[in-house]
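Student: I would like to go through the reasoning behind some descriptions of this model. Please show it first.

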Amino acid sequence: MPSVSFSTLFSPMQVGAHTLKNRIAQAALSSGYHRAHGVSDRHLAFYETRARAGAAMIVTEALACHSRQNAGTRVAAFREESLDGLKRWAASVEPHGTRLVGQFVDPGRGRHHPGRTPYAIGASALPDDLSWTVPHPLTRAEISRLVAELAETAHRLQRAGFSGVELSCGHGHLFHQFLSPAANARTDEYGGDLDGRTRILREILAAIRAACGTKFLLGMKLPGDDGVEGGIGPDLAAAIAGKFAATGMADYFAVAQGAHARSLEMHVPDRTYDRLAYREITRRVRAGAGGLPVLAVGKVSTPEEAEELLAAGDADGVMLGRAMIADGAWVAKAQAGRSGDIRACIGCNTCWESIIEGHGLACVVNPRIATADEAQDPPRAEKPRRVVVVGAGVAGLEAAWVAAVRGHHVTVLGRGAGGAMALHATLPGGEMLGRLPQWQLSRAVAAGAAIHLGEEADAAKILAERPDAVLLATGASMRPAAAGQDLREVLKHPTNGGALCVVYDADHTVGTYDAALYLAEKFARLVIVTPREAVARDMSLVVRQRVLRQLSMKRIEVITLHELVGAADGTATFRQVYNHDTLSIGNIDLLASATIRAPNDSLAAALEEAGVAVQVVGDAYAPRGPLEAVAEGHRAGLAL
Ligand SMILES: Cc1cc2nc3c(=O)[nH]c(=O)nc-3n(C[C@H](O)[C@H](O)[C@H](O)COP(=O)(O)O)c2cc1C
């Protein structure tokens with residue numbers, strides 16, 4: 001049924017020879033779901049779910065597209081042996097009226113891990129500011145071979161039933177390196193002016209067109225603003241788009257940001273970025289795009305935002321990444337006017353971390369991602385039971401809504417909805433985090449769960465509910481530090497501020513840095529002291545870049561390799577962890593300590609003694625992060 005509320009979003013869009021049924025494309029999302037570089041069942045489940053929900057076009061994750069590439073965690077589309085898997089992939093998507101487009105990427109010198117890439121290829125022998133990898137500059141002969149191989153791979157995808165190919169020319173990858181004056185210092189016909197720097201891509205477009213014909217979709221993900229000095233900004237990006245439009249061979253442009261550089265965070269703008277962060281850049285690129293459809297990428301998270309962008313004429317369509325990860329039924333829910341039911345992305349970038357760490361794409365808000373029934377409600381339980389969930393953090397609320405939807409009689413006893421995540425959501429830039437507990441709570445309530453908040457549950461209260469099963473999701477608390485106030489307690493009350501605040505960071509989670517950034521607004525000087533060798537190590541590179549940028553912008557001082565040993569009369573004493581030298585910091589107005597947490601599981605023993613079946617979930621089982629907490633809550637709700 002056509003949506004009334006999102007009429008632009010759900011209007012058809014002409015892209016090349018294809019009329020797309022709406023203006024929603026799924027962005028390329030590396031999943032790491034491959035099996036021996038072939039297509040896996042998880043791939044098929046992930047992509048089919050989103051096609052069935054109604055996305056008009058899906059761009060696959062980055063494919064290994066030529067033989068010089070180390071396939072890494074990618075599907076090796078350049079190999080003929082992959083053909084059968086590629087056919088299965090297309091067959092899982094195309095029958096839903098969704099155009100499947102394979103993405104070609106070579107990272108070139110780009111790298112997300114420590115160290116350097118030994119066999120990187122590039123435009124010139126110049127390093128980026130992130131990995132300092134110096135690539136081998138491609139020779140003319142190597143360029144010719146590369147162009148020919150890409151056309152061959154595109155033809156293989158076409159034979160497999162794909163509708164097209166997208167060339168990933170942003171994010172600092174190889175093609176971006178050719179386009180950028182900061183990375184391309186060639187003196188031959190593939191460098192120099194705009195004509196030279198775009199030549200390799202114009203040759204690739206021509207070769208793919210020659211191999212696959214005019215009906216085959218050819219998209220380009222172009223840089224809009226790469227955040228690199230001397231690199232590509234919106235004006236140059238518009239000129240680049242115009243140059244490719246003039247070839248008559250490209251069908252659409254998507255506008256991406258950031259590069260393999262200190263600006264990498266820009267490509268996945270996290271929750272601290274403004275909504276529709278790249279609207280203006282996209283509008284400027286579109287002005288130069290010669291009338292070709294331009295898809296907006298980056299922090300388009302809700303149907304309302306997508307509609308607003310399109311209705312204003314800032315883009316022709318939207319290309320959604322993390323929103324599609326968070327809810328496989330995003331499109332169907334939007335089309336049915338049920339945007340409130342969408343499990344919204346919280347902008348935490350745990351998904352990005354999961355693929356970089358090689359675990360396979362995972363999502364905090366979507367614990368059943370890439371399973372066949374991911375977009376469906378959990379099945380009804382055979383026998384309804386009386387279930388008490390103790391704790392209303394994200395683990396408890398997840399268990400509660402799942403159990404309630406399954407037909408169990410659920411009572412939640414907790415202090416406040418959302419627990420530590422709700423507290424984090426009160427900090428500047430944390431607002432999106434609040435979406436998860438709000439969604440869980442509303443689903444639990446809608447399914448009939450009784451929610452009792454504002455109370456400390458004890459064994460007597462729990463047993464009074466006569467539960468068949470208890471899920472203990474009471475979270476974790478910071479252990480008492482050698483000195484200072486518990487950082488979480490500090491955040492719960494207004495702070496007057498002062499001259500000097502010291503945050504002792506023996507926790508290393510992003511919440512500690514967000515708290516420090518908040519406190520830095522209240523105090524003239526803020527110092528973070530940590531026993532670790534650096535700050536912000538326990539998070540993905542893109543989140544780390546954001547944290548380091550913000551700490552730097554606020555002139556927050558960092559002292560590493562020191563542990564807190566005591567404090568008195570406004571002076572804190574630290575000990576260097578290796579040589580044991582003493583460091584004192586005086587005139588401190590606030591010393592706030594964040595420490596490694598301890599599980600709050602003390603109720604378990606009393607309940608077990610009373611003969612009740614207890615399962616401990618989330619941080620109460622062992623303090624970790626929200627990914628594990630929500631997943632465990634979900635599993636516990638399913639297991640009842
Ligand atoms: C987990 C993950 C994997 C990604 N993999 C790719 C990829 O393979 N190729 C690519 O061009 N972009 C990739 N991106 C970037 C997305 O396509 C998109 O540009 C980015 O997520 C911003 O859009 P969003 O705000 O809608 O998520 C990835 C992003 C994420 C979060």
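Student: What makes a residue one of those that surround the ligand in this predicted model?
Tutor: One of its heavy atoms must lie within 4 Å of the ligand. In this model 21 residues surround the ligand. Ala 28, Ser 30, Gln 103, Lys 299 and Arg 322 are the closest.

Student: How do the residues of the shell divide into nonpolar, polar and charged?
Tutor: There are 11 nonpolar residues, seven polar and three charged. Helix 12, residues 350-356, gives the most to this shell, with three residues.

Student: Why is the pair between Lys 299 and the ligand called a polar contact?
Tutor: A polar contact requires a pair of N or O atoms within 3.5 Å. A backbone N or O atom of Lys 299 lies 2.7 Å from an oxygen atom of the ligand, so the pair qualifies. For Ser 168 a polar side-chain atom is 3.3 Å from a ligand oxygen, and for Ala 62 a polar backbone atom is 3.2 Å from one; both pairs therefore meet the cut-off of 3.5 Å.

Student: How much of the ligand does the protein bury?
Tutor: The ligand taken alone exposes 610 Å², and the protein buries 96% of that.

Student: Which backbone oxygen does the side chain of Arg 202 reach?
Tutor: That of Asp 195, at 2.6 Å. Arg 202 belongs to helix 6, residues 199-212.

Student: Which residues does Arg 202 touch, leaving out those up to four places away in sequence?
Tutor: Asp 195 is one of them, along with Lys 243, Phe 244, Thr 247 and Met 249. They count as touching because contact means heavy atoms within 4.5 Å.

Technical notes. Residues are numbered from 1 along each chain as its sequence is written. This is a predicted model: local features need pLDDT of at least 70, side-chain atom pairs count only at pLDDT 80 or more; totals for chains, interfaces and linings use all residues. Side-chain values use heavy atoms; hydrogens and water are left out. A polar contact is a pair of N or O atoms within 3.5 Å; within protein, one must be able to donate a hydrogen and the other to accept it, and residues adjacent in sequence count only if both atoms are side-chain atoms. Accessible areas come from the Shrake-Rupley method with a 1.4 Å probe; for residues, only the protein chains shown count as cover. Helices (H or I, at least four residues) and strands (E, at least two) are DSSP runs, numbered from the N terminus. Ala, Val, Leu, Ile, Met, Phe, Trp, Tyr, Cys and Pro count as nonpolar, Asp, Glu, Lys and Arg as charged, and the others, Gly among them, as polar.
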